[in-house]
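Biologist: I'd like to learn how to read a model with two chains, feature by feature. Could you walk me through one?

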Amino acid sequence: MAVETDLTQDGKTLTIKIKGRFDFSKHQEFRDAYERQPGRQDCVVVDLKDTTYLDSSALGMLLLLRDHAGETVEVQVVNPSSDVRKILAISNFEKLFNIS
Amino acid sequence: MPAEQALTVLVAEDGAADRLLLAQIVRRQGHEVVTAENGAQAVALFVERRPQLVLLDALMPVMDGFEAARQIKALAGEALVPIIFLTSLNEEEALVRCLEAGGDDFMAKPYSAAILAAKIRAMDRLRRLQGTVLAQRDQIARHHHHLLNEQRVAKAVFDKVAHAGCLAAANIRYLQSPYALFNGDLMLAAFTPAGDMRVLLGDFTGHGLPAAVGAMPLAEVFYGMTAKGYDMAEVLREMNAKLKRILPVDMFCCAVLLNLSMQCGAVEVWNGGMPDVYHLSVDGRVLSVLQSRHLPLGILAAECFDASTEMLPLVQGERLLLLSDGVLDTADEQERLFGDRRLREVLDANRDPARLFDELLLALERFGGRPRDDISLCDIRMFDAQERPPMPVLYADSGRSSPQDWSLAFEVRGASLKSFNPVPYMVQLLQEIPGLRARTGHLHSVLSELYSNALEHGVLGLDSQLKCDVQGFADYYQERARRLALVGEGYVSIRLRVEPRPQGGRLSIEVRDSGAGFDVPSVLARAVPDHGLSGRGLNMVQQLASDARWAEGGRCAQVEFQW
């Protein structure tokens, strides 16, 4: 699976891991990753540790996640490589997401 | 044995006994059979009956099976008509000849009914597969043709919307694929009434029609508001709000918007999500880069949107290079990106600005291994006074009689000073006076100058002397933003009075502010610096208007236009 999900025992934190290229081909998998979870989480973590590339449609998918999460759920983007971090920085997505 | 589908099978065999035997076997499998005694008959029957499958003896009188196979294949065209050679030939070479003549399979004598049936079924599968592939290919071709046609129409409509653009101006060099619109790239340029040049390079998420959909409203806002003289922040706020409203959540538009002002000797920049803009010296060195400081358009709600811009001094002959992300994103075989560093190398190596795009495209092709036709490049040179464009005509004469005798007073107070700019509204109103229409550009320049003087030097108390060098210039605009954020009291009031006169009319403008005023005689006497970054304003007002005076210790500017 190129998109893996992990829900903590208490069901409060959902981690979505994307492997390889994060582009439009992951669209459905990425949506399923957060839409198919039972209940509501407090925090969604998008782990980009194994993400090699990210394009503008991936940025759009992050916006969809943010929209789905709403005001009450924190969305974190973690472990971007330096190339990926640069793409996030050009679009100034750190103004929308907690990126670390 | 039930046949999947009854076929018409042509059997060509010169031996009467074999021909009869074969025809019987095939008929028992449920197919219809037509028979020929030689190759020439076989070709003639093929034309007449169009069988779906052919059993062909290799050696026959009149015309042998090899020649008949070639002719039948040629007649069949793209459709697959399988040919099974019937042969007692055993040498490898002869069997190879069967296949080379167009045969799809062969079968050795004596004939086995079971093997022949299996071969016919296998060949029928292939035949049908080929038929499906051809049908799908034709369908794709039709869809593609349809799509190109739609794109052509959409592009024609878009070009009408964007027709007012001034991308053809002498100081702009640009490169854009004819279907860039469908890559999501958008390049727009227009003059403001004051003669400033506005340029927008945008990049919508995605490709194809979805990417092109947002371009139309964006272009309309850009051209409409630029022609009316709205300032950058207002245009940006409107574009953002509009895109936010119409685009789905995961779509947005990265954009860089520039305003080149001859009058200020400066460029105002807003960059949201586009690659760095390069500021190049007259001889092509990189002087600075203008980074993306904002989120792209269409993401943030209107109340969160940040339309703050940067000002950068730009002297005649200096250039700005804008590019789309395709340049930096070009990847080589190992998925390494072209990136900033390689771009800088190309810029540093460039000697002739006219060659820059070619050199860049060549470098991308060498690096990525294929030419790119999906990137946008725009190179804008700060124009000089002679290149100042003819002023655009904002409104055609509506034929309505326009009021010739009226006055209007207007006061902008407190927090409204932070974001509201009344100049475009007033210019629009003054457009109603036929005698003033030809001077719209001058009017806009004078009103803008008077309003910003009243706001910056009057209400905010900024000293224009600060703008004496590049650092001071930056400091000035930082300080302006800081004081503007804190502005509490204070006002700028504007009074317009239009009166008819025997051969025309007169417009009187009064701009008054709550500031401390200035030493009018000494400021007016101050020599106009040739290449400084300040001190052009009052001088320009005096030149463009019919009459200009400052009263009440510099707190009130009185300017007249006559026609």
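Modeller: Let's start where the chains meet: 15 residues of chain B are in contact with 14 residues of chain A. Here two residues are in contact if their C-beta atoms, placed from the backbone, lie within 7 Å. On the side of chain B that touches chain A, the residues divide into eight nonpolar, five polar and two charged. Ala, Val, Leu, Ile, Met, Phe, Trp, Tyr, Cys and Pro count as nonpolar, Asp, Glu, Lys and Arg as charged, and the others, Gly among them, as polar.

Biologist: What should I know about the model and its numbering?

Modeller: It is a predicted model, where local features need pLDDT of at least 70, side-chain atom pairs count only at pLDDT 80 or more, and totals for chains, interfaces and linings use all residues. Residues are numbered from 1 along each chain as its sequence is written, while chains are lettered from A and ligands numbered from 1 in the order in which they are written.

Biologist: What ipTM and pTM does the model score, and what is the average pLDDT of chain B?

Modeller: The model scores ipTM 0.86 and pTM 0.70. As for pLDDT, that is the predictor's confidence in each residue, from 0 to 100. Chain B averages 85, and 93% of its residues score at least 70. Over residues 391–399 of chain B, though, pLDDT is below 50, and beyond near neighbours in sequence this stretch has eleven contacts in the model. Where pLDDT is low, the predicted coordinates should not be read in detail.

Biologist: How many helices and strands does each chain have?

Modeller: Helices (H or I, at least four residues) and strands (E, at least two) are DSSP runs, numbered from the N terminus. Chain A comes to three helices and seven strands, running β-β-β-α-β-β-α-β-α-β from the N terminus on. Chain B comes to 18 helices and 20 strands.

Biologist: And what share of each chain counts as buried?

Modeller: A residue is buried if 20 or more other C-beta atoms lie within 10 Å of its own, exposed if 12 or fewer, and partly exposed in between; C-beta atoms are placed from the backbone. By that count, 33% of the 100 residues of chain A are buried, and 39% of the 563 residues of chain B.

Biologist: Let's take a strand. Which residues of strand 6 of chain A are on its covered face?

Modeller: In a regular strand the side chains alternate between the two faces of the sheet. In strand 6 (residues 74–78) of chain A, the covered face has Val75(A) and Val77(A), and the uncovered one has Glu74(A), Gln76(A) and Val78(A).

Biologist: Which strands pair with strand 6 of chain A?

Modeller: Two strands pair if DSSP finds at least two bridges between them. Strand 4 (residues 43–47) of chain A runs parallel to strand 6 of chain A, joined by five bridges, and Val45(A) stands opposite Gln76(A). Strand 7 of chain A also pairs with strand 6 of chain A in the parallel sense, over two bridges; there Val77(A) stands opposite Ile99(A).

Biologist: Now a helix. Where do the buried residues of helix 8 of chain B sit around the axis?

Modeller: An α-helix has 3.6 residues a turn, so residues three or four places apart point the same way. Helix 8 (residues 232–246) of chain B has 15 residues and reaches 21 Å from its first C-alpha to its last, close to the 21 Å expected at 1.5 Å a residue. That expected span is 1.5 Å times one less than the number of residues. Its buried residues are Met232(B), Val235(B), Leu236(B), Met239(B), Asn240(B) and Leu243(B). They cover an arc of only 130° around the axis, so they are on the same side of helix 8 of chain B; the arc is that of the directions from the helix axis to the C-beta atoms.

Biologist: What covers them?

Modeller: The cover includes helix 7, strand 9 (253–261) and strand 10 (266–272) of chain B. Helix 7 of chain B is followed by Gly229(B), whose phi is positive, near 85°.

Biologist: Which residues other than glycine have a positive phi?

Modeller: Among them are Asn92(A), with phi near 55°, and Arg50(B), at about 45°. Asn92(A) lies in the loop between helix 3 (82–90) and strand 7 (98–99) of chain A and is buried, with 20 other C-beta atoms within 10 Å. Arg50(B) is in the loop between helix 2 (39–49) and strand 3 (53–57) of chain B, and is partly exposed, with 13 other C-beta atoms within 10 Å.
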